Amino acid sequence: MTPMSPVGRLAATVDRLSREVRAAQAEAEGRALIELAKGILVARLGCGPAQAARQLAELAEQSQVTPLEFAVDVINQAARDRVSEVTDAFLAATAAVRNADTADGPDGPDGREAGAGSAAVRLRAAESGALAAGDTQSVADALLEQALRPLGAVAVAIWAAGYDGSLTLAGSAGFSAAEASRWRYVPPDVTTVARCGLTERAGQWITSLAETGLPSVGRHQYPDGGRVAVPAGTGGRIHGVLEIAWPAPLAPQPPQVVRQVEALAELCAHTLESYVPSQAAGQEPRVVPDAVELMDLADGLYDPALVLVPHLDADGHLADFRIQHVNKSFLDPAGRPRAVVGGALLLEAYPMAAGESELFQNVERVYATGEPFRARRLNLTALVDQVPLSAVADISVSRHGNAVLLIWRIEDETARLASLLQHAQRLGRIGGFEENLLTGEITWNGQLFDLYGRPQSSTPVPLERLAAHAHPDDAVAIGRFLRTLLHHRRSASAAFRLQRPDGVTRHVRVVAEPVLDTDDRLLVVRGAYQDISAQHWTEVALAATRDQLAHTEQQAIERARLTLQLQHAIMPPAQTPLKVPDLQVAVRYRPAETEQLVGGDWYDAVMLPNGLVLLCVGDVAGHGIEAATSMVVLRNALRGLAVTGAGPGQLLSWLNIVVHHLTGGVTATAVCGLYDPARRTLRWARAGHLPPVLVRDAQAGPLPLVKGMLLGAVAEASYEEAEVQLAAEDTLLMYTDGLIERRDRSVEESLAQLLSTARPAPSTLDQHLDRLLTYSRSDTDDDTCLVGIRVG
């Protein structure tokens, strides 16, 4: 054997001593749990410590478990706390697995899985270590070593929640000292993993920290690891957050592990109850007022305020809030005295607070997290249902120490409505007045002085002298207004031109009503002036615009009429039948339903000098006279080119040159075919158009596509040709997209509908084409051209 070096012997000694220290710590923690179980047996059995120790050893031996595991069972049965719930959950899961697969037998003594007992021992050992620790840092160390490392965790952080919504790192383990120092304080409203865990009651279970992008302590150490942040609270109040880090992505955890983490968070909450954070460098020390100081603060407020303290049920859970104090400025929305409200529970005094407004839930959330809550213009029926619907208030809820301050500021609805009226008068350029006909006293508001262009220190103008300040041509209208108002004593109105001292003329409307006494004598006249100059000139401009629009509309109608006449002259809806032996030829043209959308669809069916039949349809992009004239050019050009005897591919190549160079940027699609009656063959080519449809033996389908670019896109283009052999009773259809196009369907769906309609072939070709037009589901208001041939 190679002798060990001095350094190796020193390392082995250090390793041995470390194992002994850990074993001693584990033994000490185990002894603490065993001593606690002995005490429970002494109390239950009424025996001495020695007898309890013997009883514990005998029962452990009979149960075939270690004394430590049996001691933990005794503690769990006596405590019935969250740790006991976690142990029961592990035992239930073990029983379920055992019942599902009994072939493998029990996993441990008495059918108990070792994981259930070890989980209980770990939790009780962590609890014992936390209770024995003197600070939260020691608690973090105990939680990591005793309970979290067996779960695969590598680090833990205990955050204390401040009263201002901040977070302070009260203790950590597994993170570097530099990282912990850098994260010692998180200001309010900074979103971190711990912050999300504070606001979510169920906590945050993050598979991988890299996927969320949330900052947190140790992000650089474990960038891809999983994270868990669980709120730590008791009695309805959250004191902080327990954050746990894993080195790798975290898989979904079973409910037993989730409950174990929640039990550890509750253990941290008991520790954080007495935690007092040290102030960060450069910060003023934070003073936490108690309820007495908060009551003094509330009494200094001018708004109604309540000081609330938590009210717990028999199980220690938050059930309600007691109104500890009502300040001196308090005005109950329901009109009750302060003595009735003070001392009552919040939901007893204001049962509607738990309704749709969720006011109680917000108070509960503020107490739990410490984050203040504000609400603007909350209807006070959210507190009691006896208040008027117009009563609204601004609500403020904040936590101070272990108490909550609820403040509401009731709005003065009368003042608010008066302000709204004032703004409405200003925006509407309205001035009000009142004239006492007995005393001669006249009252104007500021808007009316501005409307008249007079200083507010001047004397208001009485109604009888109104004509003196108006345009002479409006004297008759003003006289009629005054007679109706003063003589007939009825409400009246009039529009006139007001001539101001500064030479400006304003168009004004005056509205007034009489006020009579009990003897029907006229006492007061009150009313308002409104500056309608903008409205007047707008009406003048609108009248001129209407005249111009009428002229433009007439021009558009005449243009559309001429375009339609041109289109119908060249493309009549019906054409004289073409006489070809053993061949029926029929065409249909359906104009657009809207005459303003005259399009560029065209068709042609003509016998050429060489005995072939030219069949084609096309569609020029756009509408109006430009599209119609371009259609004429293409149709006539194709007729002339077809006389040369060239094939359909060459004809479309020449037609592309015509479109590109002679029609000013027009584009179009087309299908061109040459039918040979002697051979019953059709040679055809396409330029960006839908292929023809062949109907044969009650089956319909499009011809295989050939390549061909739309006309006018490039200066030169070539087009492939294809030839199809037709048989007797075959029907071939060429059409433009106006036959099938729909806004809510794709071209493939519309084409499938066309094929379904085209399969039944009536006795005549004309009936076939009419059937296609009748059952067409097109909804684009476009022209439709349809050419059909049937072989005899």
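How many contacts beyond four places in sequence does the model have for residues 279-289, where pLDDT stays under 50? The number is 12. I start there as a caution, since what I am showing today is a predicted model.

Another stretch needs the same caution. Over residues 93-117 pLDDT also stays under 50, and for that stretch the model has 21 contacts beyond four places in sequence. For the chain as a whole, the average pLDDT is 78, and 74% of the residues score at least 70.

Now the general layout. The chain has 792 residues, and 43% of them count as buried. Its secondary structure comes to 22 helices and 26 strands. If you take contacts between residues at least 6 apart in sequence, 60% of them join residues at least 24 apart. The accessible surface is about 39900 Å², with 54% of that belonging to carbon and sulfur atoms.

Next, one sheet. It is built from five strands, it is open, and the order is β13-β12-β16-β15-β14 with antiparallel pairing. At the edges are β13, residues 442-444, and β14, residues 492-499, each of which pairs on one side only. On average, and ignoring direction, neighbouring strands of the sheet are turned by 20° against each other. Helix α17, residues 475-487, packs on this sheet and touches β14, β15 and β16. The direction of α17 makes about 140° with that of β14.

Within the sheet, look at β12 and β16. Strand β12 covers residues 430-436, strand β16 covers 522-531, and seven bridges join the two. They run antiparallel. For a position to find on screen, take asparagine 436, which stands opposite valine 524 in β16.

Let me move to histidine 239. This residue sits in strand β6, which spans residues 237-245. Is histidine 239 buried or exposed? Its relative accessibility is 11%, so histidine 239 counts as buried. What does histidine 239 touch, leaving aside neighbours within four places in sequence? The contacts are Trp159, Ala160, Ala161, Ala232, Gly233, Thr234, Ala269, Leu272 and Glu273.

One of those partners, alanine 232, brings us to alanine 263. The two alanines are 31 residues apart along the chain, and their C-alpha atoms are separated by 9.1 Å. Alanine 263 belongs to helix α10, residues 255-272. With 7% relative accessibility, alanine 263 counts as buried.

Last, the cysteines. How many disulfides does a search of the whole structure find? Zero. A disulfide, as a reminder, is a covalent bond between the sulfur atoms of two cysteines. Why is there no bond from cysteine 616 to the closest cysteine sulfur? That sulfur is in cysteine 672, and there is no bond because the separation is 5.7 Å, which is too far; the cut-off used here is 2.5 Å. Cysteine 616 has 1% relative accessibility and therefore counts as buried.

Cysteine 785 can be handled the same way. For its sulfur, the closest cysteine sulfur is in cysteine 616, at 9.9 Å, so this pair is too far apart for a bond as well. Cysteine 785 is at 0% relative accessibility, and it counts as buried.

To close, I return to the caution: the model is predicted, and pLDDT stays under 50 over residues 93-117 and over residues 279-289.

Terms used
Residues numbered from 1 in each chain as written. Predicted model: local features only at pLDDT ≥ 70, side-chain atom pairs only at ≥ 80, totals over all residues. Heavy atoms only, no water. Helix = DSSP H or I, 4+ residues; strand = E, 2+ residues; numbered from the N terminus. Buried < 20%, exposed > 50% of the residue type's maximum accessible area, 1.4 Å probe, protein only. Contact = heavy atoms within 4.5 Å. pLDDT = per-residue confidence, 0-100. Areas by Shrake-Rupley, 256 points an atom, 1.4 Å probe, with all protein chains shown as cover. Pairing = 2+ DSSP bridges. Axes fitted to C-alpha atoms, helices over the stretch in contact; angles between N-to-C directions.
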